Amino acid sequence: MPLLKTSDEVLNKSFDYIVVGAGTAGLALAARLTEDEKLNVLVLEAGDSHYDDPNVDIPAQYGATFMNPKYDWAFPTVKQKYCNDAEHVWPRGKGLGGSSAMNFFCWIKPPAEDIDAFEKLGNPGWNWKDFEKYSLKSETFHPAVKEVADGYPHTFVEKFRGTGGPIDVSVPIHANTIDKIIQETLVNKGIKKIDDPYGGNVTGTWIASNNVDPKTWKRSYSANAYLRPHQDRPNFYVLPNAYVARVLWSPEKDAEGNLIASGVEYIFEDKKQTALASKEVIVSAGTIKSPQILELSGIGRADILSQINVEPKVLLPGVGENVQEHHFAWLVYELDTTQANHQTLDLFFDPEYAKESLRLHSEGKGLHRTGITSFAFLPLTSRDPVGTGKLIENLEKDIKERIERGEIPPALAKQYEIQLDTLKNDSLPDMELIIFPGYFMPREVPAPGKRFVSMLIALNHPISRGTIHAKSDNPLDNPEINPNYFKENFDLKVFLEQAKFVRSLTETEPFKSNCTEVQPGPSCASDEQLEEYIKTGHITTFHTVGSCSMLPLEDGGVVDPQLKVYGTKNLRVADISIVPLHIAAHMQTTAYVIGEKAADIIKSVN
């Protein structure tokens with residue numbers, strides 16, 4: 001069906017499945033379900049369509065849609081007690097495609113061990129072998145075009161790349177002069193070069209692909225890849241601007257006493273409406289909204305439900321808990337322009353240049369085809385094995401003592417055991433470097449002619465845990481988000497070590513001869529000063545997980561390995577909120593895997 005303009009076709013009609021949220025996982029799931037023409041699927045999306053919108057489609061406009069209510073929910077956090085009471089804003093995609101319509105195009109897959117950890121935590125079948133199967137199903141890889149390959153040699157392993165999936169993936173135009181400096185420096189420093197990081201081994205330095213179609217140099221995302229080619233299917237109903245408030249329940253329960261979802265209540269044109277589902281309701285509203293929808297439906301912690309005056313239906317204390325977030329800070333270096341013609345995004349500080357580049361994009365030319373390509377995922381011990389080894393040893397001792405005192409519950413202790421094993425294993429990464437080709441978020445426009453590289457340092461495996469909960473029974477109110485940044489001081493020490501690692505690159509060629517630090521600069525010298533710089537400047541990486549964790553019920557689980565919400569017969573959650581333990585990767589590939597796998601799970605039982 002074409003995109004619905006009114007709710008008329010939803011009223012007085014029962015669908016087999018209702019999917020809440022037309023985001024990254026939700027559209028992948030819905031598109032696969034509608035391959036069976038006997039099944040009717042309704043997708044309700046709170047945002048609008050952004051088809052053919054240059055702000056979404058055209059690369060190298062990082063953050064262009066952020067804080068714009070047309071595209072971005074811009075969720076605020078509470079004041080962060082452990083970093084100077086700062087309040088953060090979490091951008092999240094609003095509209096068809098969800099956050100796949102606003103992310104930074106980075107197509108990154110995790111270490112195999114990070115996915116195998118899901119299975120270790122009590123989720124049979126959630127392992128790297130299955131992840132790889134569904135990830136390959138989601139993508140079509142295009143080798144680097146001649147223009148890209150001529151500027152930088154690219155390698156890939158064919159069996160690690162999908163060939164028939166909806167999402168187009170390729171190597172974008174990139175600032176190859178910077179990539180050469182960074183990659184050569186890291187190799188000279190002893191970091192292993194990875195020829196293809198898409199087979200489960202990411203520990204080392206490498207060049208990444210982006211979710212971009214090299215035929216058009218436009219974003220490939222869930223709306224234009226999973227939905228648009230199939231939206232004329234007569235069984236595929238999508239209603240934008242439909243804000244789901246809660247799940248509706250049948251008055252009867254099943255033989256095991258489980259709740260039966262009968263549909264959802266949603267808001268359309270300021271009126272509450274009802275949509276009915278005969279088989280299942282699948283919540284794919286994302287890590288921030290999915291727990292709120294569950295709580296407004298009577299599923300969650302008793303105290304939270306009481307506070308928001310919602311009648312308890314199923315008491316699940318794990319809803320909105322176990323929240324884990326990637327966040328990052330950055331150091332900026334000025335490039336020596338006498339040694340190379342660096343085509344960085346700093347050129348866009350000239351409005352006329354940016355305007356002409358956008359015009360050239362329509363001809364398949366120009367800098368608006370640029371992507372972020374240089375990455376390094378490293379063990380914590382990469383710079384100072386002795387000092388960081390002691391840091392890990394102290395963390396392990398602290399965790400053990402707190403477990404013995406009953407301060408860390410058994411469920412979290414299981415997660416920490418895996419995290420400690422990762423920290424002690426130098427074949428697995430604890431630090432991420434993202435090389436941004438330009439001055440990232442400058443406080444003021446740099447002087448004309450200057451070129452920069454920003455070294456983004458990201459925390460992948462946080463020890464801190466946060467919460468996301470509804471704060472009222474009004475579905476239009478944002479939930480209360482508390483990531484608890486740096487509640488566990490170890491997270492700050494990991495950031496500090498990453499900053500020191502980046503600074504140590506100035507001792508190694510060719511970085512040494514090409515790069516001069518300008519932010520935070522030489523006045524920020526001591527560990528204490530660096531930590532303060534990080535606490536003041538770090539921001540979200542938009543990769544939040546865990547708020548509807550897939551774990552055993554006794555371990556605070558919200559969904560089982562079939563993604564079914566405990567205590568219900570036919571309510572599932574399918575988005576990255578189900579990830580129980582954070583991974584060293586950007587999250588869109590995992591979101592597509594969850595959507596693809598959820599569709600197969602649902603097909604197999606119905």
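Guide: Two strands count as paired here if DSSP finds at least two bridges between them. Keep in mind as we go that this is a predicted model.

Visitor: Fair enough. In which sense do β8 and β19 pair?

Guide: Start with where they are: β8 covers residues 204–207, and β19 covers residues 374–378. Two of the facing residues are easy to pick out, since W206 has F375 as its bridge partner in β19 and G204 stands opposite F377. The two strands pair over four bridges, and the sense is antiparallel.

Visitor: And which residue of β20 stands opposite A376?

Guide: For that one, look at the pairing of β19 with β20, residues 431–436. These strands run in the antiparallel sense and share four bridges. Opposite A376 in β20 you'll find L433.

Visitor: How many residues of β19 are buried?

Guide: Buried means under 20% relative accessible area. One side of the strand has S374, A376 and L378, the other has F375 and F377, and both of these faces are covered. β19 is therefore largely enclosed by the rest of the structure, with the buried count at five of the five.

Visitor: What about β8: which residues are buried on each of its faces?

Guide: Both faces of β8 are covered. On one side the buried residues are G204 and W206, and on the other they are T205 and I207.

Visitor: On to the helices. How far apart are the end C-alpha atoms of α11?

Guide: Helix α11 is made of 20 residues, 385–404. The expected span is 1.5 Å times one less than the number of residues. That gives 28 Å for α11, which agrees with the distance between its end C-alpha atoms, 28 Å.

Visitor: Why do the buried residues of α11 sit on the same side?

Guide: An α-helix has 3.6 residues a turn, so residues three or four places apart point the same way. In α11 the buried residues are T388, I392, L395, I399 and R402. They are on the same side because the arc they cover around the axis is only 95°.

Visitor: Which exposed residues are on the face turned away from that buried side?

Guide: First, the buried side: its cover includes α12, residues 410–424, and α13, residues 489–504. The face of α11 turned away from it carries the exposed residues V386, K397, K400 and E404.

Visitor: You mentioned α12. Is Q415 buried or exposed?

Guide: Q415 belongs to helix α12. Leaving aside residues up to four places away in sequence, Q415 touches L121, N322, Q324, R465, L551, P580 and L581. Its relative accessible area is 3%, which means Q415 is buried.

Visitor: Let's try α4. What arc do its buried residues fall within?

Guide: In α4, residues 128–138, the buried ones are W128, D130, F131, Y134, S135 and S138. They line one face of the helix, because down the axis they fall within an arc of 155°.

Visitor: Any holes inside? What is the volume of the largest cavity?

Guide: There are seven cavities of 30 Å³ or more. The largest cavity has a volume of about 890 Å³.

Visitor: Which element gives the most residues to its lining?

Guide: Of the 50 residues lining the largest cavity, those closest to its centre are T24, R92, G93, G98 and S99. Elements that give two or more residues are α1, β13, α8, β20 and α16. The one that gives the most to this lining, with five residues, is α8.

Visitor: Now some backbone oddities. Where is the cis bond with omega near 5°?

Guide: One cis peptide bond joins E509 to P510, but its omega is near 0°. P520 lies elsewhere, in the loop between β24 and α15. The cis bond with omega near 5° runs from Q519 to P520.

Visitor: Last one: what is the phi of F486, which is not a glycine?

Guide: You'll find F486 in the loop between β23 and α13, where it is buried with a relative accessible area of 4%. A74, in the loop between α2 and β3, is another residue other than glycine with a positive phi, near 50°. For F486 the phi is positive too, at about 65°.

Terms used
Residues are numbered from 1 along each chain as its sequence is written. This is a predicted model: local features need pLDDT of at least 70, side-chain atom pairs count only at pLDDT 80 or more; totals for chains, interfaces and linings use all residues. Side-chain values use heavy atoms; hydrogens and water are left out. Buried means under 20% relative accessible area, exposed over 50%, partly exposed in between (1.4 Å probe, protein chains only). The arc is that of the directions from the helix axis to the C-beta atoms. Contact means heavy atoms within 4.5 Å. On a 1 Å grid over the protein atoms alone, a cavity is a set of points where a 1.4 Å probe fits but cannot get out, and a pocket is an open set with protein on both sides within 12 Å along at least five of seven lines; lining residues have an atom within 4 Å of a point. Grid points are joined across faces, edges and corners, and a volume is the space filled by probe spheres set on the points.
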